[in-house]
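Subject: Structure handover and notes

Hello,

Here is the structure I said I would pass on. Please look it over alongside the notes below.

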Amino acid sequence: MEDRPITLAIRSSNVSTASHANQSSLKIWGRQPLQGHVPISGAKNSALVLMAGALLCSEDCRLRNVPSLADVNSMSEILMTLGVKIDRQGDIIDIKAGELSESQAPYELVSQLRASFFAIGPILARLGIARVPLPGGCAIGARPVDLHVRGLQSMGAEVHIEHGIVHAHVAGANRRLKGARIYLDYPSVGATETLMMAATLADGETIIENAAQEPEVIDLANFCRAMGARIHGAGSKTIIISGVPSLHSADYSIIPDRIEAGTFLIAGAITGCEINLSPIIPEHLSPVLAKLKTMGVKIRMEGLNHLSIIPGEQLKATDIKTLPYPGFPTDMQAPFMALLTLCEGNSLISETVFENRFGHVPELSRMGADIQVKGNTVLVRGVPLLSGAPVTATDLRASAALVLAALAAEGETTIQGLKHLDRGYEQLEAKLRQLGAKIERFDPTPTE
């Protein structure tokens, strides 16, 4: 592929290279009073798939409210290897995919970022051929792509996997996918998004049944509609897409990050401090708010997109079962476990989405938590206090759980494995310091 002019302006942030961040450590001095307002960033999981969705359009697109994260930087790099021009200023990214010509995404980048696999749908829809490595990301369990593959095959694509690369192409003179009726065995967010994007440029109507209903799916559908796609039913179990020949430019703002908002709500609950946050979309937080209220936390709405958390005197244990939206989000399981370690009584947590999502349990136990794991269920017995300790993050949401536990613990906690934290939380340390937390990042000493 010939060299193309590329512009990539990334604002300064806590994002560093993965190897550098992995060697960095975060020191938190616990039991500091928190108070104030937290600005909630754009949703990570929306930003990544909307960046992939921009590949559907041969005209320029602008995304606003894009968080400054390691994963967003990685997605930018992947798009640039495909011939896309990226220009970033602050929280705005301009994506120019008119010269999309490379159908193969690089293994060394895709293998580190799960969401990058979603690009197979737009690439196949635009070029009629795509070669994308099997995805990577957090080690939280198997996340197979068989639903993606079967859906694309239903739309007329020939797909096979060889040496870790998914090869897909569409036969015929116009190399255009065909509309189809697709039933997903499981309401996979990734499969729903991949197939919905692919269907926007397909010939005819595509119906996706048992589709994922997550807010990020709706956000993607709204972005595609802003580009001229014909999509109905996003947010329900049945999505209908009527294919169009091409899409046009759009200027679109990403929704607030419901997982970041939930994390800061727990920060207030676990420290017993009042925190207010905005912007938020209340209905996106419904399962999280419901659990907090059950535990004795009061939530006060300050406006359409602004709320405050007012913790109770002694929070009570509760049971949690992770489920696809609108059920309790798996991404909030680890942060809630940190909170439940200090609640009165026993709590049962059942993880039904990912089978390896308890990597934070040994680390919380090092801090004095009383947790027992049996299969996909965890018993959490509330303890009077946690103690600071050296711990290591094993995945993105586990890192958030350790930060939350450290905020409430006696003494100092040192957290390793910050590459995970930097993937999903924009300026987390700065936001916590603004609330009054005593937190500091220590980077490795540079060698000569």
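The notes that follow go through sheets, helices, cysteines and a few single residues.

This is a predicted model, in which local features need pLDDT of at least 70 and side-chain atom pairs count only at pLDDT 80 or more, while totals for chains, interfaces and linings use all residues. Residues are numbered from 1 along each chain as its sequence is written, and side-chain values use heavy atoms, with hydrogens and water left out.

Sheets and strand pairs

Element names refer to DSSP runs numbered from the N terminus, with helices being H or I of at least four residues and strands being E of at least two. Two strands are said to pair if DSSP finds at least two bridges between them.

One open sheet has four strands in the order β9-β10-β12-β11, with mixed pairing. Its edges are β9 (181–183) and β11 (230–232); each has a single partner strand, so one side of each has no neighbour in the sheet. From one strand to the next, the twist averages 15°. Within this sheet, β10 (residues 205–209) and β12 (residues 238–242) are antiparallel and share five bridges. Glutamate 209 is placed opposite threonine 238 of β12.

Helix α7 (residues 189–200) lies across β9, β10, β11 and β12, and runs at about 25° to β12. For such angles, axes are lines fitted to C-alpha atoms, for helices over the stretch in contact, and the values run from 0 to 180 degrees between N-to-C directions.

Just after β10, asparagine 210 sits in the loop between β10 and α8 (215–226). Its phi is near 60°, a positive value in a residue other than glycine. Asparagine 210 has a relative accessible area of 18% and is therefore buried (buried means under 20% relative accessible area, exposed over 50%, and partly exposed in between, with a 1.4 Å probe and protein chains only).

Elsewhere, β14 (residues 275–278) pairs with β2 (residues 36–39) in the parallel sense, over four bridges. Valine 38 has leucine 277 of β14 as its bridge partner. β14 also pairs with β16 (residues 306–310), here in the antiparallel sense and over three bridges. In that pairing, asparagine 276 is bridged to serine 308 of β16.

A second positive phi belongs to arginine 31, near 60° and again in a residue other than glycine. Arginine 31 is in the loop between β1 (25–29) and β2. With 52% relative accessibility, arginine 31 counts as exposed.

Helix packing

Two packed helices are described by the angle between their axes and the distance between the axes. Helices α9 (residues 258–271) and α11 (residues 333–340) pack at about 5°, with axes 10 Å apart. That makes α9 roughly parallel to α11 (under 35 degrees counts as roughly parallel, over 145 as roughly antiparallel, 65 to 115 as roughly perpendicular, and the rest as oblique). Thr263, Ile266, Ala269 and Ile270 of α9 make the contact with Pro335, Phe336, Ala338 and Leu339 of α11, contact meaning heavy atoms within 4.5 Å. By class, the contact has seven nonpolar residues, one polar and no charged (Ala, Val, Leu, Ile, Met, Phe, Trp, Tyr, Cys and Pro count as nonpolar; Asp, Glu, Lys and Arg as charged; the others, Gly among them, as polar).

Cis peptides

The bond from serine 278 to proline 279 is cis, with omega near -5°. Proline 279 is in the loop between β14 and α10 (286–294). The bond from tyrosine 325 to proline 326 is also cis, with omega near 15°. Proline 326 is in the loop between β17 (320–321) and α11.

Cysteines

How many disulfides are there? With a disulfide taken as a pair of cysteine sulfur atoms within 2.5 Å, the count is zero. For cysteine 61, the nearest cysteine sulfur is that of cysteine 57, 3.9 Å away. Cysteine 61 is buried, at 3% relative accessible area. For cysteine 343, the nearest cysteine sulfur is that of cysteine 273, 15 Å away. Cysteine 343 is buried as well, at 2%.

A buried threonine

Threonine 413 lies in β22 (residues 412–416) and is buried, with a relative accessible area of 0%. Leaving out residues up to four places away in sequence, threonine 413 touches Leu26, Lys27, Ile28, Met367, Gly388, Ala389, Val391 and Ala406.

Regards
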